[in-house]
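Reader: I'd like to learn how to read helix packing, burial and strand pairing from a set of coordinates. Could you walk me through an example?

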Amino acid sequence: MNSDLNFNSQFSDYFRSFILEKRGLGYKYTAEAASLRLFDQYICESGYMGAEISKALFENWTNRRPYEREKTCENRTNILSQFCKFVVRMGGRAYIPPVAQRLRRDISYRPYIFTNEELSRFLECAKHMTGSLERKTVFYMLFSLLICTGLRVGEAMRLRWTDIDWSNNPMMVSVIGAKFDKDRAIPLADSLSQQLKQYREEMSLLFPGCEYLFPSKHNMPYSHNQVYFTFRRILWDAGISYGGRGKGPRVHDFRHTFSVKSLRKMVYNQEDIMAVVPLLSQYLGHKNIYATQHYLQFTADMFPYVTETVENALGGIIPGMEEYDEETH
């Protein structure tokens with residue numbers, strides 16, 4: 001874990017002490033350490049020789065870069081801000097930016113919730129899409145899994161055959177390397193388990209010896225761009241309108257649809273809402289329960305009965321739609 005503590009700038013001792021303190025508090029602090037190593041490299045390459053982290057150095061590193069997402073810039077700024085506070089706490093000198101409100105984003109996009117009829121049309125078109133037999137077989141199973149489990153695309157694309165417990169009933173899929181380190185095991189419905197077993201037999205002939213569930217012709221997983229391109233093409237074939245950039249629907253909306261409909265089913269089955277919301281959060285691999293609560297808001301217009309039932313059980317748990325951030329979902 002501590003093999004990534006090699007720093008070369010004049011602040012190297014601070015970097016190492018800061019990361020060790022974080023890890024001593026229980027944080028993995030791996031991605032953050034990588035960000036600080038890049039900052040350390042930037043200091044060395046820029047020729048900066050100052051004994052303090054100046055405002056100019058801070059801002060040159062944290063300024064938003066061309067084509068960079070706002071959140072990426074925001075994360076880099078937050079990591080460096082925390083480090084600067086540590087330097088000052090240790091008696092050093094560093095610029096600490098004023099506390100700023102996170103920029104409000106355009107909230108005109110709300111996750112697209114597919115109807116059951118749209119999902120059926122989509123899968124039917126996926127089954128008969130143009131292209132090779134290998135491509136059709138892989139993408140039909142991939143989209144079936146995303147729709148029926150709510151997995152993130154990246155989580156599904158990393159799956160290996162060894163991540164599935166074929167003998168367990170229900171069949172279990174281990175999600176390894178998940179976002180926010182939320183590794184988990186999820187159960188599969190009987191119908192999906194049978195479909196996956198048949199898929200395994202087909203893939204043993206199409207891709208013998210391949211370790212990944214959803215390989216391309218090179219025996220490696222498809223890229224996100226390839227998945228998105230195929231998704232858009234099938235949307236068109238299924239007659240599902242695409243609203244344009246920022247309006248969707250997107251592949252990630254399969255996850256939103258699964259979540260909202262799972263919650264709706266639980267409520268209509270009169271299950272204990274106090275229990276099912278944390279379970280749904282754990283199943284989805286959310287960072288915390290607050291991310292799951294946003295799905296309650298998505299149901300407000302579609303299923304008023306669900307909203308009323310949840311509010312009666314949990315009080316004011318349904319958040320207002322102030323900001324939608326896919327990073328937490």
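Author: Gladly! Let's start with a helix contact: Arg135, Phe139, Leu142 and Phe143 in H6 meet Gln226, Val227, Phe229, Thr230, Phe231, Arg233 and Ile234 in H9. Sorted by character, the residues of this contact are seven nonpolar, two polar and two charged. Keep in mind that this is a predicted model.

Reader: How should I think about the spacing of contact residues along a helix?

Author: The general idea is that an α-helix has 3.6 residues a turn, so residues three or four places apart point the same way. In this case, the H6 side of the contact includes Arg135, Phe139 and Leu142.

Reader: At what angle do H6 and H9 pack, and how far apart are their axes?

Author: The angle is about 85°, and the axes lie 12 Å apart. Angles of 65 to 115 degrees count as roughly perpendicular, and H6 and H9 are therefore roughly perpendicular to each other. H6 covers residues 133-149, while H9 covers residues 224-237.

Reader: Next, burial. Is H10 largely enclosed or largely open?

Author: Buried means under 20% relative accessible area. Twelve of the 16 residues of H10 are buried, so H10 is largely enclosed by the rest of the structure. Among the buried ones are Phe254, Phe258, Leu263 and Met266, along with Asp253 and Arg255.

Reader: What end-to-end span does H10 have, and what happens just after the helix?

Author: From its first C-alpha to its last, H10 (residues 253-268) reaches 22 Å, close to the 22 Å expected at 1.5 Å a residue. Just after H10, glutamine 270 takes a positive phi of about 60°.

Reader: And the strands? In what order do they sit in the sheet?

Author: The three strands form an open sheet in the order S1-S2-S3, with antiparallel pairing. S1 (164-165) and S3 are the edge strands, each pairing on one side only. Two bridges join S1 to S2, and aspartate 165 stands opposite methionine 172 in S2. S2 (residues 172-175) and S3 pair over four bridges, with valine 173 opposite isoleucine 186 in S3.

Reader: How do I read the two faces of a strand?

Author: In a regular strand the side chains alternate between the two faces of the sheet. Here, S3 (residues 184-187) has Arg184 and Ile186 on its covered face, with Ala185 and Pro187 on the uncovered one.

Reader: One last residue: is asparagine 6 buried or exposed?

Author: Asparagine 6 counts as exposed, at 61% relative accessibility. Asparagine 6 sits in the segment before H1 (12-24), and its C-alpha is 8.0 Å from that of arginine 16, ten residues apart along the chain.

Conventions. Residues numbered from 1 in each chain as written. Predicted model: local features only at pLDDT ≥ 70, side-chain atom pairs only at ≥ 80, totals over all residues. Heavy atoms only, no water. Axes fitted to C-alpha atoms, helices over the stretch in contact; angles between N-to-C directions. Parallel < 35°, antiparallel > 145°, perpendicular 65-115°, else oblique. Contact = heavy atoms within 4.5 Å. Nonpolar A, V, L, I, M, F, W, Y, C, P; charged D, E, K, R; others polar. Expected span 1.5 Å × (residues − 1). Buried < 20%, exposed > 50% of the residue type's maximum accessible area, 1.4 Å probe, protein only. Pairing = 2+ DSSP bridges.
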